[in-house]
Amino acid sequence: MRSGRPWGALKGDDPARHDLARYMRGLVDHSELTLKAIGRHCGCSDTTVSKQLAGEDLPPWKFVAAVVQACTPGQRQQTDRERVARQLWQRAVNSGRPAPPPAEPILTDAHTRLVRAQEETIATQRRLIEVTDELSTARRQMLDSVQVEHRSSQAIMVLQVVLIRLSGLIVHLTAERNRYLDQVADYQLELDQTHRKLSDAERERDRAKGQIGQAKQERERASALTEVLHDKITWLEEHIRQLGVSPPDPGESDVVIQGLRSSTAEEILIDTTAGLDRLQRLLDAHEEDLAELESATVNDARLSREAAQDRLASLLNDISLHSPSAPGTNADTRNSGGADDDKWRLVAECVRQQLDAKRVVLWLHAEPQEAPRGLIAGSPLPPRTCHDDLGDDVILLPPDTQVRYIRFLDADKETADALAARDAQEVLVALLRGATTSLGVLEVHDRISGASFDATHINFLGTVASRVSTVMDNRQLMARLRHDAYHDPLTGLLNRPGFREAVSEPMLRAETAVVLRIDLELPSPAANDLGQSWSDQVVVIAGRRLRDELGRGVPLARFEGGAFAVLLLDAQAERAQQVAEHLRAALAAPYPADQLSIEVNVVMGWATTTNGESNEHDPDTLLKRADIAVRATTVGGPVATHQRPSASASDSRDELENASRIVPSSARPRSKAGLEFGVLGPLQVIADGRLVQLGRRGMRGLLAMLVVEANRLVPIDQIVNALWTDTPPATARTIVHGYVSRLRRVLEEADPSGSATICTTPTGYQLAVDPWRLDLHRARQLVASSRGKPAAIRAGLLREALGLWRGPVLADVPGDPMTSDLEELRLSALEERMEAELELGRHLELVGELRGLRTEYPFRERLIAQSMRALYRSGQRADALEVYQRFQRRAVEELGIDPGPQLRSLHEQMLRDDPTLS
């Protein structure tokens with residue numbers, strides 16, 4: 001019992017009081033308090049508490065409530081216990097009263113049940129409120145977890161990019177480390193050779209010292225012999241004098257004897273000793289020269305190896321930086337591979353010189369499924385070697401390691417036959433591995449010195465193979481990216497940049513060039529019924545027909561929609577009319593699409609130039625003229641040609657008019673019937689000169705996105721995110737589908753001919769419309785056409801483009817449907833117009849306009865520079881310098897940056913009154 005005191009038996013005979021006492025005792029038993037602590041809480045002693053809980057007397061309600069409060073820690077549990085204790089206490093009170101009339105207990109019980117039901121209802125409502133709060137908290141936690149998950153996924157993507165870059169860096173550092181290790185191994189080998197040479201020189205020196213010692217001994221023996229002979233000669237001379245005989249005079253017969261006497265053994269010994277001393281001095285004097293000669297030989301060898309390695313690295317860098325050939329008509333990969341064969345042969349020659357090898361063969365794959373081509377450095381392969389089928393060559397099999405060392409002595413029969421076919425005794429084989437495929441094999445045959453290959457040669461070849469593989473893999477990747485950039489993904493034909501790149505050089509070599517433009521006009525009823533996929537099928541079939549008719553040698557490109565372009569040169573250009581009619585007949589045949597037969601209208605036009613027209617002999621000019629010819633051709637009518645207008649260089653007005661006819665500006669002929677869309681201002685749709693009512697804001701926002709992205713697919717998720725900046729409703733996609741249906745009805749009612757249709761795809765929607773019906777497209781074309789023109793023409797075209805703006809872009813459309821690019825287009829056109837006006841000398845007229853623009857866009861440095869030049873050339877030098885000072889202070893205070901280098905240079909020129917500013 002936790003109270004610390006055993007309970008006695010219950011007293012009295014009232015069961016209601018016993019129930020109350022048992023309940024109170026249970027509360028005390030399950031609490032952590034003693035009777036004294038409970039007594040202190042109730043304001044009495046522990047004896048009084050024990051007596052009140054004996055069950056004989058009815059305790060007051062204040063005492064019961066105090067005990068419940070003391071034994072209950074929580075507020076909610078305390079309320080429940082007080083309610084139960086109140087009921088038990090009420091029963092004990094009622095048990096001691098006289099019995100009420102029969103009807104009274106029924107009313108009391110009903111009232112009690114009613115009160116109890118009300119209390120339970122209140123408790124249930126409280127619990128419901130708590131559950132609702134818990135659900136709200138859980139929902140907020142779920143939203144927080146979703147946001148955290150989104151941020152985590154973004155962080156993971158960033159980390160993946162960082163890991164990829166780190167992996168590339170690690171690979172590069174590993175290659176550099178291997179190269180340094182190879183250099184250290186080479187230096188160690190050279191040091192060992194130098195030590196061996198020094199040891200040989202020391203042995204030669206010791207041998208020379210031994211010979212000198214032997215010569216000294218011979219000299220001592222010769223000296224002793226000389227003394228004996230001298231004594232004998234002296235004795236003979238004394239005897240001759242005693243006999244009185246004079247020594248004979250030297251005669252002819254005594255010359256030899258006299259000579260012999262002059263060359264006595266002592267003299268010979270002296271000469272020998274002197275010669276030996278001179279030899280010793282010569283050795284001592286040339287000892288340092290010998291060491292220097294050996295050191296110079298070692299340095300020359302090291303420098304030669306470093307030069308070879310630098311040359312190899314330079315060749316690989318040159319090959320890596322060399323861009324693939326321009327996109328052609330049939331075999332780009334083969335052409336680009338053949339153009340680099342000389343450089344790859346130089347790489348093989350560097351490897352051969354570095355390894356002192358007899359031959360190096362570099363097998364390169366043009367395509368993974370094609371047989372490799374062999375590039376040889378050194379002695380040629382034997383003529384009996386067959387390389388028609390290299391798949392069965394055991395030497396070219398992928399090695400187990402990075403470099404495989406094959407020797408004739410250790411090889412099996414099949415490998416020995418392969419070595420004999422190569423006329424080689426030892427071969428090093430390194431596989432050139434790309435990221436996904438095999439790129440080729442590098443073979444090294446025998447050493448010229450006859451020595452065997454060692455670990456240094458194997459490590460060097462492994463490093464070279466790794467670097468060559470990296471260069472080849474990067475070139476193949478660049479070739480694929482270039483192919484994707486210059487080819488249309490739908491038809492596989494050249495796109496506009498690819499066509500321009502492919503035809504530039506052939507046009508310069510040709511005498512006559514014709515650019516033939518072809519447009520397929522798809523009928524609107526079929527587009528409404530079949531959607532976008534069938535038009536893609538028609539374009540693919542049309543591209544296939546054109547390629548079959550023209551052949552592989554003629555440049556053919558597909559632009560946007562059903563637009564194609566063909567280049568005809570010289571002989572073909574002379575019969576352009578016949579070629580165009582022939583192609584028209586091929587394209588006019590019905591097109592099968594989804595079990596239907598569809599006929600399309602074919603519109604053609606071309607532009608011709610000759611080599612003497614230097615200004616017109618470029619792809620861009622011919623394409624523009626061919627575009628004009630296509631637009632001038634009636635649908636289904638004859639083929640049109642655009643002749644170059646004759647412009648007078650002396651008349652700028654005629655030049656402006658001719659240029660306006662040549663460039664594709666907003667003056668392109670458009671049918672008066674149909675819809676025109678305007679986004680350069682409030683959104684508007686015009687049908688036959690009247691505005692079309694577009695309905696609610698959601699429909700306007702959807703149409704604005706489709707017009708800005710005209711003829712391009714807009715994903716439905718992008719539409720939902722743009723229309724609802726906050727959390728979109730669960731029925732967002734259904735609402736978008738409803739908007740599309742209502743927009744279709746509005747456009748069909750405004751223009752039954754179907755000049756603009758909304759096409760549905762599984763992933764989104766697309767507005768199919770002629771781009772020239774959009775003010776946005778016309779503005780872009782005018783800005784693009786102004787580039788490279790004289791100042792007067794450029795200013796006129798830019799004024800026309802800026803005149804298409806009717807106010808802020810899509811000012812009445814909710815959200816931000818990609819309007820920042822359009823605003824930047826307007827500002828760029830405005831700056832270009834100001835530049836053209838300044839070139840025309842209209843400085844004073846522009847001062848006020850530039851002042852307003854400077855106030856509206858205070859941080860556009862080009863506008864600031866133009867305003868400064870206009871003020872300076874108008875004679876207001878102080879005002880121009882003040883404009884710079886105000887801009888500099890504001891940029892530092894608000895952005896924390898200084899003016900750009902061009903603006904600073906202009907300020908310095910004004911400070912020193914540079915005459916070039918006048």
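**Exercise 1.** In this predicted model, determine whether phenylalanine 499 and phenylalanine 559 are buried or exposed, and describe the contacts of their rings.

*Solution.*
1. Phenylalanine 499 and phenylalanine 559 are both buried, the criterion being under 20% relative accessible area.
2. Arginine 496 lies over the face of phenylalanine 559, 4.0 Å from the ring centre.

**Exercise 2.** State how many aromatic pairs the whole structure contains, and characterise those involving tyrosine 405 and phenylalanine 499.

*Solution.*
1. The search of the whole structure yields three aromatic pairs.
2. One of them joins tyrosine 405 and phenylalanine 453 edge-to-face, at 6.2 Å centre to centre and with 90 degrees between the planes.
3. This pair links distant parts of the chain, 48 residues apart: tyrosine 405 belongs to strand β3, and phenylalanine 453 to the loop between β5 and α13.
4. Tyrosine 405 counts as partly exposed because its relative accessibility is 30%, whereas phenylalanine 453, at 6%, is buried.
5. Phenylalanine 499 and phenylalanine 559 also form an edge-to-face pair, with 6.2 Å between centres and 75 degrees between planes.
6. Phenylalanine 499 lies in helix α14 and phenylalanine 559 in the loop between β7 and β8, so this pair ties together parts 60 residues apart in sequence.

**Exercise 3.** Identify the strands that pair with β4 and assess the burial of β4.

*Solution.*
1. Strand β3 (residues 403–407) runs antiparallel to β4, joined by five bridges; isoleucine 406 stands opposite valine 427.
2. Strand β5 (residues 438–447) pairs with β4 over seven bridges, also in the antiparallel sense; here leucine 428 has valine 444 as its bridge partner.
3. Seven of the eight residues of β4 (residues 426–433) are buried, so the strand is largely enclosed by the rest of the structure.

Conventions. Residues numbered from 1 in each chain as written. Predicted model: local features only at pLDDT ≥ 70, side-chain atom pairs only at ≥ 80, totals over all residues. Heavy atoms only, no water. Buried < 20%, exposed > 50% of the residue type's maximum accessible area, 1.4 Å probe, protein only. Helix = DSSP H or I, 4+ residues; strand = E, 2+ residues; numbered from the N terminus. Pairing = 2+ DSSP bridges. Phe/Tyr/Trp six-rings, centres within 6.5 Å; stacked < 30°, edge-to-face > 60°. Lys NZ or Arg CZ within 6 Å of the ring centre and 35° of its normal.
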